[in-house]
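Notebook open, coffee poured. I want to go through this structure one piece at a time and jot down what I look up.

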Amino acid sequence: MQQLEQSKPHSNGSLIPSLSPDRRRQPVRCMVICRLHFRLFPNWKGWIFPKNFPWNQARYPSFLAAANSVDFESYGFENEYKGIDYNFLFHSCTKLHLAKQLHALLVVSGKAQSIFLSARLVNLYAYLGDVSFSRRAFNQIPTKDVYTWNSMVSAYVRARRFSEAVDCYYQFLAFSGLQPDFYTFPPMLKACGNLVDGQKIHCWVVKMGFEWDVFVAASLVHMYSRFGSVDVARKLFNDMPFRDMGSWNAMISGFCQNGNAAEALDVLNDMKLEGLRMDPITVSSLLPVCVQSDDVISGMLIHLYVIKHGLESDLFVSNALINLFSKFGSLGNAERVFDEMKVRDLVSWNSIIAAYEQNSYPVTALGFFKKMQLIGVQPDLLTAVSLASIVGQLSDRKISKSVHGFIMRRGWFQEDVVIGNALVDMYAKLGAIDHAHTVFKKLPIKDVISWNTLITGYAQNGLASEAIDVYRMMQECNEIIPNQGTWVSLLPAYSHVGALQQGMKIHGRVIKNSLYLDVFVGTCLIDMYGKCGRLDDAMSLFHQVPRKSSVPWNTIISCHGIHGQGENSLKLFKDMVDEGVKPDNVTFVSLLSACSHSGLVDEGQWYFHVMQEDYGIKPGLKHYGCVVDLLGRAGYLEKASNFIRNMPVRPDASIWGALLGACRIHGKLDLGSFASDQLLEVDPENVGYYVLMSNIYANVGKWEAVHKVRALARERGLQKTPGWSSIVKGSQVEVFYTGNQTHPKHEEIYKELIILTAKIKSLGYIPEYSFVLQDVEEDEKEHILTSHSERLAIAFGIISTPPRSPIRIFKNLRVCGDCHNATKFISKITEREIVVRDSNRFHHFKDGVCSCGDYW
DNA sequence: ATAGGGTTAG
């Protein structure tokens, strides 16, 4: 402006050459407003707005009215106008509402149409983070020059709204009749989303001869390295006539964003050879790569470098460090960096909140959120994502509603899928799976992750078949390509219902895209094969997947456990230690439960000590539960109850449940009723415990007590889970409910059962009536036993599959003792292998014996 | 007055 004023003094002495004479009178209004301000704020000296000018106290409507009523002519406005320092005005606007007031000022004074000032408004709004206002200001400009267009394009780029930036660029080319200059291209190169578009822009750049401008060249190099064109990037970089830190950083950060750590380090090395040192920008590009590639050592080295060169004061570096420490789980360091920051922005707050949230400290995370609000930092979408996850972890339904409302009010739900997915996840974690489904249905766009989240939600709430239904719906809508996450959420559901065929289909599918070598998918497949009775397949798959982490080991140990092969579990654990894989707390849950399934009492107790002494793992409730189960099942009930008494943590329902289960097996009435008393306090809603207790009473014929327990359950509105068994025939799953006679083949099944019972009785089978939990006559008792769902399913298997072929049964509850005994005999006379998977473990019946050795 | 290279996500 200075130049313009000097070069083109207007004929009438005015310094605003581009405005019409009529417009020239407008500055007066501005002055009048300044005067009015002066009246309100007498300490204010002069026309220049001071830095701490109380803009927010200025009420524009009233000022406008006042300004319009003033006789402009009475002011010597031409002279006064000279005194206004617009630069200072623009620089003083550090908050959005100030910018809006300046905008109003400019409109009032007719300056909003000035080609200089209006474009500055576009930039100001962009700088303050409100592109929509930039656009509005932009639209109000009647004649636009290159600078105007450049400002608008870069405003979009700054806001990361790349597609709108590109659109704006093409509007510029099509309608403005102007040529882009070398300010236009760097933002465009940042905005382009793929290599082809980038190359197109490169062509333009060459055509216009801007190729070797430092900024343009750096942008080109960055674009190529970002899209992985290593050679082109390197060639351009080598041909550059002049290189500064920006050029090096462009190259390095491009490779970093591409995830190409090796190339990035290579360039970094070259840079060091030229005697250049990393600056804050280099550091903050490199740190995320350390996080991605799990490279703790490089991360720490960079941290040392940062300390040594005093780069910690840089906002971006500090933020990146918080994320680094958070991902490596060292929250103390993360918080230290956060504390020492002199300036914190939204990213800092989001990072520290996410750090605590992702390391499962929801309470601390929430504390930081509250502190942030107290200071007055406005949360954004990413804050809300963390917040939703925090609420999910806290399982606090009350807060969940307010978080949901908070997100809806700000319109973020419509704006981004991520936030919607976070809400679905939140409700699923709270166990409110219906809410999760409702939110899912309302999502404006559904991506893979939306579907994955819902599938996981159903699966983790124990609704496996619903999870599978969701997957089916996902396939039907055809637009979504399943990914690794889909398999990881779906396969556990298949494991749960024992859907081996479908699971194998997925296995085939993941082999095609090599995902079966992925640790997580591989582990889910191992688990699926193990839980579907294919222990050998699970084992051979285990030998193929990478075994550096504990995850696949934990799974294969647990698989052997549920198959009653505790010795193999112990052996696998030794292998794991020999291969240098560090066991974690999950490993010991698998190992201890394997010991308990196989009656390895001494070994189990030994490893419970090893876990604490050698590996320094503090036992959790799950470990204590395993030990109680281990001792109780083996009949050491006194020892088990002493163990509970000496526990340093308060026993929860699972602990007492394990004790009660053991009492059921060994018929311990007194201890059982003690355990159930505890349970009715801790978890009165769980039917299972009422059933167990009534079973104990029924077993010893205390029918009165049985009725009492049942009445209590009824009073509390609880219903016994109906027992069912299923068998897979072809692709069809046949389900049988205990005592249900509605199956189309019921007549045949029942006939077969009568014959079978007669045959096995001749082999020495004696019905064990203590498993009949009703007070009825003897012959009725036999009928009840033979109509147990597992027996219906076995009989169905015998009549509908070829002789001597194996039969696989799935039962939702634990298999009954009499059925277990009968199945042994059935396997002998039919010469079939019968595999029963119940809610607890596998039973392999062959030749009249069971793999569990009657211990379960 | 406008331009390059940097941090946070389900």
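Starting with a definition: two strands pair if DSSP finds at least two bridges between them. Strands (E, at least two residues) and helices (H or I, at least four) are DSSP runs, numbered from the N terminus.

Before going on, I note that this is a predicted model, where local features need pLDDT of at least 70, side-chain atom pairs count only at pLDDT 80 or more, and totals for chains, interfaces and linings use all residues. Residues are numbered from 1 along each chain as its sequence is written, chains are lettered from A and ligands numbered from 1 in the order in which they are written, and side-chain values use heavy atoms, with hydrogens and water left out.

**The sheet.** I looked up the strand order and got E2-E1-E3-E4-E5-E6, an open sheet of six strands with mixed pairing. Strand E2 (732-737) and strand E6 (849-850) are the edges, each pairing on one side only. How do E1 and E3 run? Strand E1 (residues 724-729) and strand E3 (residues 807-811) run antiparallel, joined by three bridges. Ile727 faces Ile809 in E3, standing opposite it.

**Confidence.** Next I checked pLDDT, the predictor's confidence in each residue, from 0 to 100. Chain A averages 85, and 90% of the residues score at least 70. Residues 1-83 sit below 50, and this stretch has 98 contacts in the model beyond near neighbours in sequence (contact means heavy atoms within 4.5 Å).

**The DNA.** Which residues come nearest to DNA strand B? I found Tyr147, Asn249, Gln257, Asp314 and Asn421, out of 48 residues around the strand. A residue is near if one of its heavy atoms lies within 4 Å of the strand. Sugar and phosphate make up 38% of the atoms of DNA strand B that come within 4 Å of the protein.

Then I looked at single atom pairs. Asp314 has a side-chain N or O atom 2.2 Å from a base nitrogen of DNA strand B. For Asn150, a side-chain N or O atom is 3.0 Å from a base oxygen of the strand. With Ser253 the partner is a sugar or linking oxygen, at 2.7 Å from a side-chain N or O atom.

Helix H15 (residues 245-257) gives the largest share of the surface near DNA strand B, seven residues.

**The repeats.** The unreviewed UniProt entry has "repeat: PPR" on several stretches, including residues 145-180 and 244-278; such annotations may be inferred rather than shown by experiment. I computed residues 145-180 as 75% helix and 0% strand, with end C-alpha atoms 10 Å apart. For residues 244-278 I got 74% helix, 0% strand and 12 Å.

Note on methods:
A polar contact is a pair of N or O atoms within 3.5 Å; within protein, one must be able to donate a hydrogen and the other to accept it, and residues adjacent in sequence count only if both atoms are side-chain atoms.
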